[in-house]
Amino acid sequence: MKKKFELKPVDLRSTCDPKMFTFKSTAEVDPLDNVIGQERAVQAIEFGLNMKSPGYNMFVTGIEGTGKSTIIRDIVNGHAKNLSSPVDWCMVNNFKDEYRPKPISVPTGKATRFCKKTGDLIDDLKKELPKAFEHESYQQRQSEIQKKYSDQQKNIFKNLEASAAEKNVQINRTKTGYQTVPIVKEKAISPEEYLALPEDTRGKIEENILTVQSEIDATIREINKINQAMNSQIEKLMEEIALFVVKQRIDVLRDAFKECTDILTYLDEVQDDILENVKDFIASSETKASIEGLMFQPPKPSFQRYEVNVLVDQKKLKGAPVIFETNPTYHNVFGQIEKRAYMGTITTDFTMIQAGSLLRANGGYLIMEIESILMNSFVWEALKRALQNKRLFIEDVTSGMGYGTSSLRPEPIPLEVKVILLGSYHLFHLLQNNDSKFNKIFKVRADFDDEVEKNDDTIQKYARFIARSCKEEGLLPLTPKGVAAIVEHGEKYISNKLKLSIRFGPIMGILREADYWARKRNGRLVTDKDVVRAYNEYRFRYNLYEEKMHESYVDDTIMIDVESNVVGQVNALAVFQIGDISFGRPSRITAETYMGKQSVINIEREAKLSGKTHDKGVLILSGYLGRTFAQNYPLGLSISITFEQSYGGIDGDSASSTELYAIISSLSDIPIHQGIAVTGSVNQKGKIQAIGGVNQKIEGYFDVCKAKGLTGKQGVLIPQANVKNLMLKKEVVDSVKKKKFHIYRVSTVEQGIEILTGVTAGIPDPNGDYPEGSVYGKVQEKLKRYLEQSFKLKNQFESENMIIEP
């Protein structure tokens, strides 16, 4: 009965024949120059890179280790090389509003040169402007202007004094102004003498003094006009001289950057400001200050305002920029406005504005991990805003929140960048379902697979991948057997004989460690033994918990029977995950059935130790029992199920078929052979469904049986659908070959119960009755007894109640 369901050794593991490789080592193999099995993702990436419309940024999903970061970099870098390099960006002073610095675009690779040229211009003007104003020609013209207006002033004063003399009034100049003194008999008199004069004489003198005073006021106004005219003419002269000196030198810059309108506009503003503040360039003395006895030179913002702050210079760039931001904080992505402490306060200026990765990637591509972005405050919302508006604001975040001092607010920079986010499926679906702007901004999804179809082509590509990895990292070449061992590891990692794993992260780990063990034995090539040792050593470093748990089975701390026949008891299989290491171990399931209302008591659920999936699997059992045994009469029984010696949480439905076998055994009173462990979920129709971790479960149970002693009757019952997932270790396969261990595959509950009990399940007749002596026949008999007994008890209780009533 069992043999037709038993798997052959060839079904338990897929092997890679080293003879399919024609090389002696991977050193002879052409390194892989394309991607294995990611056609969907690569096509999506290329589509996203070539789409120029707004919103076609990319979100790349995939399991860790599929190489998505490396592949994205390679594809994007290759695409970017064929594009033109974007312009440079500088931040300059806004001469109209110093709190709103202006960004200007500079031809590619010329930002630093423009900054240096501007600095040289100012340094040159600091020397040349004073020379120009000290030159003899300027001094002569200035003297002429001053003499011209000085003569006018003298003539006016001369006329004023003559007019005053006619009125017998003398004008004296003092520090506080002009003083009028009366003259009598051609002699200035004192106040006492003035008071001694007759009253009519004094009145006439006062009248003359008032007249002269009004003439003085008019004269002063005239002189002020003359001074203003003189200063205006001198300033005009200075502007003329300065313009000659400044324009001559700025024109050199205009010619050098004549193709850039931003620079030409800025140079015009610089020229106007220099002409307006030309005196700053010809000042001869420097201001010094002393605070608490310390002598220091304060900064001179007058010349700092002409500096050019280079934000991005693409001089060394070939093609469009590709930036991978590994730490996407707000400042790292959007830039920042730095501060400096000065005289007990915090100051800043446009020269302290720093670019972030978003500006450095402007005109190209910015790659970031979404998980890191969401862990940093404000970055996600600011990123969406920048991409949607196509404008980059470099802002002080704390100032925007109302904290800190007032800061600069630079004008926005036009943004033309394609952002590529790397993340998990969970975060992608979370953002897609909960962020209204996400689908508008990230319209392209590139999904990386973790497996590829196994065929000769993909196996040869595996060898080429290994060759490339060895070449890039300086690892020893692999022999054909070594490559075959890596291919088999790829199959085992994905648990599918028809597939190969393309999670190259773990595979690279095995390659590096195999190289280590080969070098340790002084080998020149990595063989299959080195690959196997690398895997075993890696597992040994992490499997302490696994060994401790295994010891509890050996010393019977955890009770597992692998030899007896017991009613209502089955060995189930579970998988434990510790980091990257997963292993399987058996767990005893027991079921008790008895008369009562129709119900299934899941002890784990009652104790709140089970998950939702496990609870669902238990509830399905009622559906199968009702479908199979309650078509003609109701089920009058209660069922209690539990995982023995289980003290932690349990989830998953892979033990639902095991629980059903225990229930059927309990109802039929037919014992189950404890040497056969079971895994597989079941539906209400009695079909056995695929489960995960089948290899770990089989190997874990094999280890327990091996420790307790192989009898030749032990084995594992697995779903038919999981046969393709078998990639068992060679020790298990060898034991199956020697008939010391067995693997059975089933697709229905009936097949499974026959293997476990050795008794036919039974096929119902047209009336729904199962053959006598069959497993289901015995179940039906017990259920009938339960029903008959329940009716008997009901009638007995009703009779007793009638007697008691008066």
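Here are some friendly notes on two sheets, one helix, a pair of cysteines and a loop serine in this predicted model.

1. **The sheet around β2.** Let's start with an open sheet of 3 strands, ordered β3-β2-β9 and paired in the antiparallel sense. Its edges are β3 (102-106) and β9 (309-312), each of which pairs on one side only. On average, neighbouring strands in this sheet are turned by 35° against each other, ignoring direction. Between β2 (residues 88-92) and β3 there are 5 bridges, and the two strands are antiparallel. If you would like a place to begin looking, find aspartate 88, whose bridge partner in β3 is valine 106.

2. **Helices on that sheet.** Helix α7 (residues 261-276) packs here and touches β2 and β3, with its direction at about 130° to that of β3. Helix α3 (residues 111-134) lies across β2, β3 and β9, and it runs at about 180° to β9.

3. **The sheet around β5.** Another open sheet has 3 strands in the order β4-β5-β6, with antiparallel pairing. The edge positions belong to β4 (169-174) and β6 (187-188); each has a single partner strand, so one side of each has no neighbour in the sheet. Strand β5 (residues 177-184) is joined to β4 by 6 bridges, and these strands run antiparallel. Within that pairing, glutamine 170 stands opposite valine 181 in β5.

4. **Helices on the second sheet.** Helix α4 (residues 136-166) packs on this sheet through contacts with β4 and β5, and its direction makes about 140° with that of β4. Helix α6 (residues 199-256) also touches β4 and β5, at about 150° to the direction of β5.

5. **Helix α17, end to end.** Does the length of α17 come out shorter than, longer than or in agreement with what 1.5 Å a residue predicts? The 18 residues of α17 (residues 456-473) should span 26 Å, and the end C-alpha atoms are 26 Å apart, so the two agree. At the start of the helix, a side-chain oxygen of asparagine 455 comes to within 3.0 Å of the backbone nitrogen of aspartate 457. Just after the helix, glycine 474 adopts a positive phi of about 70°.

6. **What α17 buries.** The buried residues of α17 include Ile459, Tyr462, Ala463, Phe465, Ile466 and Cys470, and Lys461 is also among them. Which elements help to cover these buried residues? Among them are β20 (451-453), α18 (480-494), β21 (499-501) and α19 (504-520).

7. **The cysteines.** The model has 0 disulfides. Cysteine 90 is in none, and the nearest cysteine sulfur, in cysteine 115, is 6.9 Å away. Cysteine 90 has 0% relative accessibility and therefore counts as buried. Why is cysteine 470 not bonded to another cysteine? Its closest cysteine sulfur, in cysteine 16, is 16 Å away, which is too far for a bond. Cysteine 470 also counts as buried, because its relative accessibility is 6%.

8. **Serine 495.** This residue sits in the loop between α18 and β21. Leaving aside residues up to four places away in sequence, serine 495 touches Asn695, Lys724 and Asn725. With asparagine 695, the side chain of serine 495 makes a polar contact of 3.5 Å.

Key:
Residues numbered from 1 in each chain as written. Predicted model: local features only at pLDDT ≥ 70, side-chain atom pairs only at ≥ 80, totals over all residues. Heavy atoms only, no water. Helix = DSSP H or I, 4+ residues; strand = E, 2+ residues; numbered from the N terminus. Expected span 1.5 Å × (residues − 1). Buried < 20%, exposed > 50% of the residue type's maximum accessible area, 1.4 Å probe, protein only. Contact = heavy atoms within 4.5 Å. Polar contact = N/O pair within 3.5 Å; in protein donor to acceptor, adjacent residues only side chain to side chain. Disulfide = S-S within 2.5 Å. Pairing = 2+ DSSP bridges. Axes fitted to C-alpha atoms, helices over the stretch in contact; angles between N-to-C directions.
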